[in-house]
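Biologist: Please take me closely through the pockets of this model and what surrounds them. I would like one connected account rather than a list.

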Amino acid sequence: MATINTLARPYAKAAFEHASAAGGLDAWSGMLALAAAAVQDEAFAARMRNPGLTEERKADDLLMVCEGHVDDAFGNFVRTLSEHDRLPLIPVIAELYEQHKAEHDRSVAVEVESAFELSDDQQKTLATALSKRLDRTVTPHVTINPALIGGVLIRAGDLVIDGSVRGKLDKLAEALKS
């Protein structure tokens, strides 16, 4: 995976810089997401692995799938990727692009696991507290995990905040073993 990220990183950065300069960050986000979805489709991916297809044809096929939803600059980007046999990297490029965009927007998506359903007010309170702590706009994505027993487990990039009962019980058990 590190190699894939290494290969995708310069393309994601170039896409972000172009989109930022052109004032099209959201448009490029959408185009990359669409192209990534197409590349990840099993039937399309199988076609792309066909050794009889030229790189130019692969780019044309992808652009045909995305027709009406991409601009000329994005078409050139796809052709460049295809010339260097990098079309399979589009999902990773899209992910890295979104990281650049989030950094630019000073926002972060936060994964929140909760033992119970959180009300809208609880989610807003949590998002506000996390925004202050992380100095970013926080978008929480809440999932329910009854195994936590109570509380929440929060993941924001490398930051993990375990406020769950399960986490506290695990720490207690570890302390008792020592």
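Modeller: A pocket here is an open set of grid points, where a 1.4 Å probe fits, with protein on both sides within 12 Å along at least five of seven lines, and a residue belongs to its lining if it has an atom within 4 Å of a point. Please keep in mind throughout that this is a predicted model.

The largest pocket holds about 260 Å³ of space, and its lining is made up of Glu-98, Gln-99, Ala-102, Glu-103, Ser-107, Val-108, Ala-109, Glu-111, Arg-136, Arg-155 and Gly-157. Helix H6 (90–105) and strand S1 (107–114) are the elements that give two or more residues to that lining. Sorted by class, the lining has 5 charged residues beside 3 polar and 3 nonpolar ones.

The second largest pocket, with a volume of about 160 Å³, is lined by Val-39, Phe-44, Ala-45, Met-48, Arg-49, Glu-55, Lys-58, Asp-85, Leu-87 and Pro-88. In this case the elements giving two or more residues are helix H3 (42–48) and helix H4 (55–65), and the largest share, 3 residues, comes from H3. Its lining has 6 nonpolar and 4 charged residues, with no polar residue.

Several residues of this second lining lead on to the parts around it. Ser-82, which belongs to helix H5 (residues 72–83), is in contact with Glu-55, Lys-58 and Leu-87, and also with Glu-56 and Ala-59, when its neighbours within four places in sequence are left aside; Glu-55, Lys-58 and Leu-87 are among the lining residues of the second largest pocket. Ser-82 has a relative accessible area of 1%, and because anything under 20% counts as buried, this serine is classed as buried. Val-39, another residue of that lining, is one of the contacts of Ile-90, which also include Leu-32, Ala-35, Ala-36, Leu-62 and Leu-81, again without neighbours within four places in sequence.

Ile-90 in turn belongs to the largest nonpolar core, where, out of 32 residues, Trp-28, Leu-62, Phe-74, Phe-77, Ile-90, Ile-93 and Tyr-97 touch the most other members. At least two residues of this core are supplied by each of H1, helix H2 (25–40), H3, H4, H5 and H6, and H2 gives the largest share, 8 residues. There is also a second, separate core of 10 residues, which includes Leu-126, Leu-130, Val-138 and Ala-156.

The aromatic rings add detail to this picture, and the whole structure contains 4 aromatic pairs. In one of them, Phe-16 and Tyr-97 meet edge-to-face, with 6.0 Å from centre to centre and 65° between the planes. Phe-16 is part of helix H1 (residues 2–22) and Tyr-97 of helix H6, so this pair ties together parts that are 81 residues apart in sequence. Both rings belong to buried residues, with Phe-16 at 12% relative accessibility and Tyr-97 at 0%. For Phe-74 and Phe-77 the ring centres are likewise 6.0 Å apart, but the planes stand at 40°, and the pair is therefore tilted. These two residues sit in helix H5, 3 residues apart, or about one turn of the helix, and both are buried. Together with Trp-28 they form one aromatic cluster.

Conventions: Residues numbered from 1 in each chain as written. Predicted model: local features only at pLDDT ≥ 70, side-chain atom pairs only at ≥ 80, totals over all residues. Heavy atoms only, no water. Helix = DSSP H or I, 4+ residues; strand = E, 2+ residues; numbered from the N terminus. Buried < 20%, exposed > 50% of the residue type's maximum accessible area, 1.4 Å probe, protein only. Contact = heavy atoms within 4.5 Å. 1 Å grid on protein atoms, 1.4 Å probe; cavity = no way out; pocket = protein on both sides within 12 Å on 5 of 7 lines; lining within 4 Å. Points joined across faces, edges and corners; volume = space filled by probe spheres on them. Nonpolar A, V, L, I, M, F, W, Y, C, P; charged D, E, K, R; others polar. Phe/Tyr/Trp six-rings, centres within 6.5 Å; stacked < 30°, edge-to-face > 60°. Core = buried A, V, L, I, M, F, W, Y, C linked by side-chain atoms within 4.5 Å.
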